[in-house]
Amino acid sequence: MNEGMRAVVYDRYGPPKVLRLEDVARPVPNQDEVLVKIHATTVNRLDVHTREANRRSGLAVTLLSRLVSGVRRPRQRILGSEFAGEIEAVGGAVSEFGVGDHIFGTTGLRFGTNAEFMCVRESARIGHMPAGMNFEEAAAVCDGFLNALTCLKQVDLRKGKRILVYGASGSIGTAGVQLARYFRADVTAVCNTKNIELVKSLGADRVIDYTREDFTQNGETYDAIFDAVGKHSFKRCKGSLTKGGSYLATDGFRNLILALWTPRFGDKKVIFQIPPRQTKKDVLLLKELIEAGRYRAVIDRCYPLEDVVEATRYVETEQKTGNVVLTIEGGRAR
Ligand SMILES: NC(=O)c1ccc[n+]([C@@H]2O[C@H](COP(=O)([O-])OP(=O)(O)OC[C@H]3O[C@@H](n4cnc5c(N)ncnc54)[C@H](OP(=O)(O)O)[C@@H]3O)[C@@H](O)[C@H]2O)c1
């Protein structure tokens, strides 16, 4: 008899209330997969956008989103891309991991982590959990880090280079500040008053409170402006970029067009990598940085899996600081 598990499922695109807990079949690992008993997962912006078929981004993006996730209804019923947990079983061809190992990582657009168990390929963006981290912290580090790394790798960041991180308190923003610091760049971060101390503690050389100062009007210029929250624009930032400077986008259909156009004309460009190239090697770098004390998790709130709708509504406020975690009390057979 197939063992069961609890999972958060949805069968139509829509508001947070389309999510519900359901008993479903527990997956069985293929030869190259591990079965993970998940202890912590997250709700992030990827889940939110996918669940509503990117309806806020216009018709073209909505259609694209449905082509990827299922035209009439979602093909993958279980959302969640980040996880930390314990290996319950391994396929015959798995050599890197064994039963009982604690692992973390991301399934990206394959989703499936808002559940008690899931299967993931050994070669996927997963690794052994960083020493000294708990499950909640390990679940919360991948998405922001990989998204920020994808962007920052596109520019020549090193000592002496100046970067401004706009939206420095979000999941990608908190990662961007820590990574820019790791690359030894000079980091100016922009956030709301309440997050100033946090952002300083992540390694920003200076912090601008956007409720008091408009960075585009203070005469400072930067080699790169990282719009980590998709709330600014190339047009408004252009005057604050040095000659040859780059605007790094994380969102917005118009930035896709600008990323094709601007590198060919003019001396300042938009960079927007779609689809983002993220690898297992990146996850291993993340583990290394955490263990060296150069990167940490930023968690705003933790909810039990049962409260996924409430957690999702909070993520949708676009006011979270860092990440929102879902905790799972011991996966069980039914
Ligand atoms: N996470 C993903 O998986 C993913 C994937 C692809 C693309 N994206 C895109 O990447 C962007 C960032 O995602 P995220 O998950 O990092 O976002 P997030 O964590 O939800 O961002 C929330 C943070 O943004 C700040 N913020 C909100 N409005 C702002 C504004 N007008 N100016 C400056 N800061 C503002 C808030 O801080 P204050 O309270 O200080 O305002 C809050 O701390 C989004 O546009 C998202 O669509 C995300």
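The following dialogue reads selected features of a predicted model.

Me: Which conventions apply to the numbering and to the confidence of the model?
Reply: Residues are counted from 1 along each chain as its sequence is written, and side-chain values use heavy atoms, with hydrogens and water left out. The model is predicted: local features need pLDDT of at least 70, side-chain atom pairs count only at pLDDT 80 or more, and totals for chains, interfaces and linings use all residues.

Me: Which residues come nearest to the ligand?
Reply: A residue is near a molecule if one of its heavy atoms lies within 4 Å of it. Here 26 residues surround the ligand, and H49, N192, Y210, D251 and K320 come nearest.

Me: Which helices each supply at least two residues of the shell around the ligand?
Reply: Helices are DSSP runs of H or I with at least four residues, strands are E runs of at least two, and both are numbered from the N terminus. Those helices are α1 (45–51), α4 (142–152) and α5 (171–182). Helix α1 gives the largest share, three residues.

Me: What polar atoms lie close to oxygen atoms of the ligand, and at what distances?
Reply: A polar contact is a pair of N or O atoms within 3.5 Å; within protein, one must be able to donate a hydrogen and the other to accept it, and residues adjacent in sequence count only if both atoms are side-chain atoms. An N or O atom in the side chain of S169 is 2.7 Å from a ligand oxygen, a backbone N or O atom of N192 is 3.2 Å from one, and a polar backbone atom of L46 is 3.5 Å from one. The ligand taken alone exposes 900 Å², of which the protein buries 92%; such areas come from the Shrake-Rupley method with a 1.4 Å probe, and for residues only the protein chains shown count as cover.

Me: Is T188 buried or exposed?
Reply: Buried means under 20% relative accessible area, exposed over 50%, and partly exposed in between (1.4 Å probe, protein chains only). T188 counts as buried because its relative accessibility is 1%. It lies in strand β9 (residues 186–191). Contact means heavy atoms within 4.5 Å; leaving out residues up to four places away in sequence, T188 touches R162, I163, L164, V165, R206, I208 and Y222.

Me: Where does R77 lie, and which side chain does it join through a polar contact?
Reply: R77 lies in the loop between α2 and β4 (82–90) and is partly exposed, at 27% relative accessibility. Its side chain makes a polar contact of 3.1 Å with that of E22. The C-alpha atoms of R77 and V8 are 8.1 Å apart, although 69 residues separate the two along the chain.

Me: How many salt bridges does a search of the whole structure find?
Reply: A salt bridge is a side-chain nitrogen of Lys or Arg within 4 Å of a carboxyl oxygen of Asp or Glu. The search finds 25. R20 pairs with D11 at 2.8 Å, N to O, and with E22, where the closest N and O atoms are 2.7 Å apart.

Me: Which parts does the salt bridge between E316 and R56 tie together?
Reply: The side chains of E316 and R56 meet at 3.8 Å, N to O. E316 lies in helix α10 and R56 in the loop between α1 and α2, so the pair ties together parts that are 260 residues apart in sequence. Salt bridges with shared partners join R51, E52, R55, R56 and E316 into one network.
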